[in-house]
Amino acid sequence: MQNRIECPWLYCLGMATACASSTAYAGFVDDSSVTLTARNYYLDRDYKNDTPYSAAREWAQGFILRANSGFTEGTVGFGLDLTGMLGLKLDSSPDHTGTQLLPFNPQTREAADEYSELGVALKTKISKTRLSVGTQFPTLPVITASHARLLPQSFRGAYAISDDIDDLTLHTGRMDRVNLRDSTDYQAISVASPNGRFKKGASSERFDFIGGDYHWSDALTLRYFHAELMDIYTQDFAGGIHLLPLGPGRLKTDVRVFNSRENGRAEAGKVDNLNAGAMFSYQIAAHTLGLGYMYQTGDTALPYIAGGEPAVLSDGTLSADFVNPKERTWVARYDYNFAAVGLPGLTGMVRYLRGTNIDLPQLGGSDLTESSKDLELAYVIQSGPAKGLALRLRNAFYRNEQSSASTFRSDNETRINIDYTLKVW
């Protein structure tokens, strides 16, 4: 079993204990919470056509313990967040590793039997501004800690959130290390480079971001963020979400624009990408129908942090990211809530994505296509001893015209999750 706790965060733990001891405990204890999430995860990628491996297939059990304190009383409040994570191998073989559920030895391809880590963050609060230093799980357009595997991706750094200005939430932070979803070790932050998009091995010691969400009205939220992965890329994000009552239902408009270019020494090579997308979703009773389009220009793919997924309109797809150079992507999606027919807790989704105009000369051509047909069925038990137990089944049928050297290869993919969160405190 691998265990690693960075010394600076042990120091934070001591600091938080000392601060709490010298001030009133009321808020620190009364506003605290402890939850334990058990996640059972099965992932099966059955590759098609020419491929080095016929499948990536593993089954694992994870546990995530989150212990979050409140803040001590006074003008400046202090608190502490702890996140303990444990992953256990249930089934794996050297021929089928690489699902990112479990770490594995690159020479033998044997998956680890177990892996674990402890994240620690010291936090402080003044008025409506909170600062956290330590293990972070940001969920922003320019940096997102991925929860798409057994255990979540995490970052190490400082992160401040302020609600002191009415209707405006400001975010700013600096991250210096990342802990990948199938790892227990912090490492330098790098840019994702599937399909050889950027120079392999390029990494950075610093990721800075600043931006915010402005709630213009109950119907409109505007967003802007600026981010820099030092000496690799700079990225600006602008977006908006608008809700409009229309006839018997409601129309939701989600617009996202990313503008990216190289930064400093450009250690990952040239970065030149503009990604613009819009999704229009109409909800009426239990039905939601969505149509979207994503357009890319520039000489390169969209850059994003390695180990996760980009927060674009294709977010949530299983087998590919649909942000190759010059790619155009159409999205059609339908969601249904079965509560309308007397089955509360049961939901379903079907989605189709088609990307065209892909420019990958080294992987097959300059006018390539890819597509994905996604199906999802989820159920959350509503009552009884197992209330809150969540079951989720997902299938994807992904195909592309790229060569077998592509990172994203044609496959049929199945994911099964069983999650249960117990409130301990």
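## Overall architecture

Buried residues account for 46% of the 425 residues in the protein. The model is a predicted one, and its secondary structure comprises two helices and 20 strands. The C-alpha trace extends over about 65 × 60 × 50 Å along the principal axes.

The radius of gyration of the protein is 22 Å, which agrees with the value near 22 Å that a compact globule of 425 residues would have. Among contacts with a separation of 6 or more, 60% are between residues 24 or more positions apart.

## Strands 5, 6 and 7

Strand 5 (129–136) and strand 6 (154–162) are paired in the antiparallel sense, with eight bridges between them. At one position of this pairing, T129 stands opposite S162 of strand 6. Strand 6 is mostly covered, since seven of its nine residues are buried.

Strand 6 is also joined to strand 7 (residues 168–179), again in an antiparallel arrangement, by nine bridges. Here S154 has N179 of strand 7 as its bridge partner. The two strands form a hairpin with five residues between them, in which D167 adopts a positive phi near 70°.

## The position of G134

G134 belongs to strand 5. Its relative accessible area is 0%, so the residue counts as buried, a class that requires a value under 20%. The C-alpha atom of G134 lies 9.0 Å from that of D81, although the two residues are 53 residues apart along the chain.

## The second largest pocket

The second largest pocket encloses about 520 Å³ of space. Its lining consists of 23 residues, and those closest to its centre are D81, S132, Q136, Y159 and I161. D81 thus appears both here and in the C-alpha pair with G134 described above.

Several strands contribute to this lining: strand 2 (55–68), strand 3 (76–91), strand 4, strand 5 and strand 6 each supply at least two residues. Strand 5 provides the largest share, with five residues. By class, the lining has 10 nonpolar, nine polar and four charged residues.

## Internal cavities

A search of the whole structure identifies two cavities of 30 Å³ or more. The largest cavity has a volume of about 120 Å³. It is lined by 15 residues, of which V142, Y304, I305, E309 and P310 are the closest to its centre. The lining of this largest cavity is made up of 10 nonpolar residues, four polar residues and one charged residue.

The second largest cavity holds about 40 Å³ of space. Ten residues line this cavity, and E117, L118, G119, N179 and Y186 lie nearest its centre. N179 is also the residue of strand 7 that forms the bridge partner of S154. Strand 4 (residues 114–126) supplies the largest share of the lining of the second largest cavity, namely three residues. The classes represented in this lining are three nonpolar, five polar and two charged residues.

## Strands 16, 17 and 18

Further along the chain, strand 16 (residues 328–337) and strand 17 (residues 346–360) run antiparallel and are joined by 10 bridges. Within this pairing, D335 has M349 of strand 17 as its bridge partner.

Strand 17 in turn runs antiparallel to strand 18 (residues 365–380), and 12 bridges join the two. T347 is paired in this case with A378 of strand 18. Strand 17 and strand 18 form a hairpin with four residues between them, and G364 in its turn has a positive phi of about 135°.

How values were computed. Residues numbered from 1 in each chain as written. Predicted model: local features only at pLDDT ≥ 70, side-chain atom pairs only at ≥ 80, totals over all residues. Heavy atoms only, no water. 1 Å grid on protein atoms, 1.4 Å probe; cavity = no way out; pocket = protein on both sides within 12 Å on 5 of 7 lines; lining within 4 Å. Points joined across faces, edges and corners; volume = space filled by probe spheres on them. Nonpolar A, V, L, I, M, F, W, Y, C, P; charged D, E, K, R; others polar. Pairing = 2+ DSSP bridges. Buried < 20%, exposed > 50% of the residue type's maximum accessible area, 1.4 Å probe, protein only. Rg over C-alpha atoms; globule rule 2.2 N^0.38 Å. Contact = heavy atoms within 4.5 Å.
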